[in-house]
Amino acid sequence: MKITALEPIPILVPLKQGLTTKTAHGEHIDSPYVLLRVHTDEGIVGVGEATLAPRWSGETSPGCVAVLRDVLAPAILGADPRNVRDIARRVSKAIRHNPFAKATVEMACWDIAGKAADVPVYRLLGGRVRDVAPMKMVVGAFDVPRASALAQRFLDWGVRHLKVKVGLDVGQDIERVQAVRDLAGPDVSIGVDGNCGWDVATAKRGLRAFEQLNVTFAEQPVGTDDPRSLAAVRAATSIPVMADESVFTPQDAVSLIRHDAADIFAVYPGKNAGILGSLAIADIAAAAGLTCSIGSNLELGVATAAMLHLAIACPGIDSERYPGDLLGPLYHEADMITEPLQLGPEVATVPEGPGLGVTLDEEQIERFRDPSQS
């Protein structure tokens, strides 16, 4: 089998009213993403999705389309997509960085390999280590009334695990988490995510307060410039520290381990340049006595399906202790696939069809195709 063409599809999908989210990076109102079809000479087409955010990886939708068309396509045309490790090696050599563009190619090749073998991707990854993937919902860094209303909406739905965005004004951050804890009661797990927003001194102050609120984890409370900063925060709190923005690559994971900077790594295919990158980080974490959790960049249906196959198959991801961010489609006006994924309120279920187990919805593609790139 040979790859014959890459077909990038830029889309712009708004978040649902009342479900936009806010972090220390800014407010997320709509999603300028790129879908991908990888065509083969045997008629099997694989699908991928790049969930792009310039503040995360420096990637934009027009840039991703150009990278896919002008850089990655020449590197893999004629190659066998079922040789996923070879494809990952080729795209890694073709361009530095650009993890989400690389991930969408690898994602589509996993999809082709699964379709060719008539098995779900998780079978190709070694099979199940869990039947379902526990998940959480995220409350943005809004004022207390709005954050409380959003938390109540999730609790009424039956959600048992929450993450609250912090990392802005520490006093308001503490009030927000306190309000969510008061609503949720003692039996709902609550983590916090600073998205690099605090300095070390502020993070220490915030986490001292959160220790009294039974917070399960503190995700990326400080920035990524120096792993010693994250290590200093970790040394000052009893709350497990999760690295997210500071662990894109296996090399990042090694550096954080050397600095004793984290207890948990957030992994997911987009950020880690593909499923293989996430698996490598999970193996490194396990060897060092750490664990991993599924993170998110508010994916749509295709990328969330890839995350589910990873979560179901990877023993180094502790979804039971640290439920994953398998939530992106629930926040968007559309998921871009014909059959919605089974997400929540407490657990997510992996698609059982061949490959990623999802099909692009042509009507949604036409409706949400990015008009700025037509």
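About 40 Å³ of space lies in the second largest cavity of this structure, and I will start there. Keep in mind that this is a predicted model.

What lines the second largest cavity? The lining is made up of Glu 49, Thr 51, Phe 100, Met 107, Tyr 268, Pro 269, Gly 270, Glu 299, Ala 303 and Met 307. Two elements give two or more residues to this lining, namely helix H4, residues 99-117, and helix H12, residues 301-313. By residue type, the lining of the second largest cavity splits into six nonpolar, two polar and two charged.

How many cavities of 30 Å³ or more does a search of the whole structure find? The search finds two.

That brings me to the other one, the largest cavity, which holds about 50 Å³ of space. Its lining residues are Lys 136, His 161, Leu 162, Ser 189, Ile 190, Gly 191, Thr 216, Phe 217, Arg 321, Tyr 322 and Pro 323. Three strands each supply at least two residues of this lining: S8 at 161-165, S9 at 189-193 and S10 at 215-219. Which strand gives the most? S9 does, with three residues. Here the division by type is five nonpolar, four polar and two charged.

Now I leave the cavities and turn to a sheet. This is an open sheet of three strands, paired antiparallel, in the order S1-S4-S5. Why is one side of S1 and one side of S5 left without a neighbour in the sheet? S1, residues 3-14, and S5, residues 45-50, stand at the edges and have a single partner strand each, so one side of each is left without a neighbour there. From one strand to the next, the twist averages 20°.

Let me take one pairing from that sheet. S1 pairs with S4, which covers residues 30-40, in the antiparallel sense, and the pairing runs over 11 bridges. If you want a position to find on the screen, look for Glu 7, which stands opposite Arg 37 in S4.

What lies across the three strands S1, S4 and S5? Helix H2, residues 61-76, does, and the helix runs at about 170° to S1.

To recap, there are two cavities of 30 Å³ or more. Strands S8, S9 and S10 each supply at least two residues to the lining of the largest cavity, while helices H4 and H12 give two or more residues to the lining of the second largest. Apart from that, we have the open sheet S1-S4-S5, with helix H2 lying across it.

Technical notes: Residues numbered from 1 in each chain as written. Predicted model: local features only at pLDDT ≥ 70, side-chain atom pairs only at ≥ 80, totals over all residues. Heavy atoms only, no water. Pairing = 2+ DSSP bridges. Helix = DSSP H or I, 4+ residues; strand = E, 2+ residues; numbered from the N terminus. Axes fitted to C-alpha atoms, helices over the stretch in contact; angles between N-to-C directions. Contact = heavy atoms within 4.5 Å. 1 Å grid on protein atoms, 1.4 Å probe; cavity = no way out; pocket = protein on both sides within 12 Å on 5 of 7 lines; lining within 4 Å. Points joined across faces, edges and corners; volume = space filled by probe spheres on them. Nonpolar A, V, L, I, M, F, W, Y, C, P; charged D, E, K, R; others polar.
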